[in-house]
Amino acid sequence: MTLDPKETLLEVNNLTVHFYTDRGVVQALDGADLQVKKGEVVGLIGESGCGKTTVARSVLRVLPPGGRLVSGRITFKGQDLLALGERELNRTVRGKRITLVPQDPFNSFNPVFPIGTQIRDILKWKGETGGKTKVDEERIWEMLNQVQIPSPGSQLKRYPHQFSGGQRQRLMIAMALLPHPDLVIADEPTTALDVTVEAQILRLMKSLVQGREISVLFITHDLGVASEVCERIVVMYAGQDMENGPAEILFSDPRHPYTSELLESLPNPEGKIRDIPGDVPSLIQPPKGCRFHPRCPQAKENCSSDKPERIEVSPGHWVRCFYPLA
């Protein structure tokens, strides 16, 4: 079925995830919501430990040991992903309809096999060969050219350690796009790269997905990166989604106090840096209500006891706050 361009491709509703550890129960996600539409690049931003990667792992259902999805619903193309068995999820969704560009490409490759072998094995595993033992070499070569890996024939014989960090990330992007996915999850894909290579990778990803109507869930802690590539942004704090809206509006007119404080913490033209007063809370014993309330300049009594519902402050711009900024 062909989706309407405005139709939601991925929808995460009221997602609550806990990790059971020796130190106690980490309440990593507390009723998080997000949506990704067809052909849309959505940024998931926030400080380290806010739950961004846990959202991605939950969608792919690859939570680490001790992780448990307590409640919520994850719908992809109208199908409840949490109702699928592991075998069906592997066969039809994971690595096929939804693919991943990881943060550290070096650790994602097997160091003892050439790149070409690993690419071909993935295509065979995901049924891209139609049951044949030979993959479409032309398609692989074409994709490597598109991600700006020169001389694909000779490059496919090389091992992961023989490529630079930027080249390994280009190879990861190629492997994520080869199965013709509907959604690519990019988990901080430029963190390990220097600034000039980061800019090249970001331009490359943007150009490749725009031509294919592929949706992207782009996870980052870098507001500059998010403003460069994302059409819409979801801001997270301590496992809760705080604000969700078009990137241009969210940066120019933030309505949640946390988003405003986050933007204010960016270096200004004079080079001054301002942090957010207070500390990020422990997720073993997180604050009740809105988890940002201990650090929030707008907080009132009910913020410490009740979790606010999402409200639409302007078309397509949502905020989870009792007292949104004017």
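Let me start with the enclosed space in this structure, where the count comes to 3 cavities of 30 Å³ or more, and I should say at once that we are looking at a predicted model.

The largest cavity has a volume of about 90 Å³, and 14 residues line it, with Cys 290, Cys 296, Cys 303, Cys 321 and Phe 322 lying nearest its centre. If we sort that lining by class, we find 10 nonpolar residues, 3 polar ones and 1 that is charged.

The second largest cavity holds about 60 Å³ of space, and the residues around it are Val 41, Leu 202, Met 205, Lys 206, Val 209, Val 216, Phe 218 and Val 229. Two elements give two or more residues to this lining, namely helix H8, which spans 195-210, and strand E8, which spans 215-220. Which of the elements gives the most to the lining of the second largest cavity? That is H8, with 4 residues. By class, this second lining comes out as 7 nonpolar residues and 1 charged residue, with no polar ones.

Let me turn now from the cavities to helix H1, residues 52-60, which is mostly covered, since 7 of its 9 residues are buried. The buried positions in H1 are Lys 52, Thr 54, Val 55, Ala 56, Ser 58, Val 59 and Leu 60. As you step along the chain in the viewer, please look also at what comes after this helix, for H1 is followed by Arg 61, whose phi is positive, near 55°.

Definitions and conventions
Residues numbered from 1 in each chain as written. Predicted model: local features only at pLDDT ≥ 70, side-chain atom pairs only at ≥ 80, totals over all residues. Heavy atoms only, no water. 1 Å grid on protein atoms, 1.4 Å probe; cavity = no way out; pocket = protein on both sides within 12 Å on 5 of 7 lines; lining within 4 Å. Points joined across faces, edges and corners; volume = space filled by probe spheres on them. Nonpolar A, V, L, I, M, F, W, Y, C, P; charged D, E, K, R; others polar. Buried < 20%, exposed > 50% of the residue type's maximum accessible area, 1.4 Å probe, protein only.
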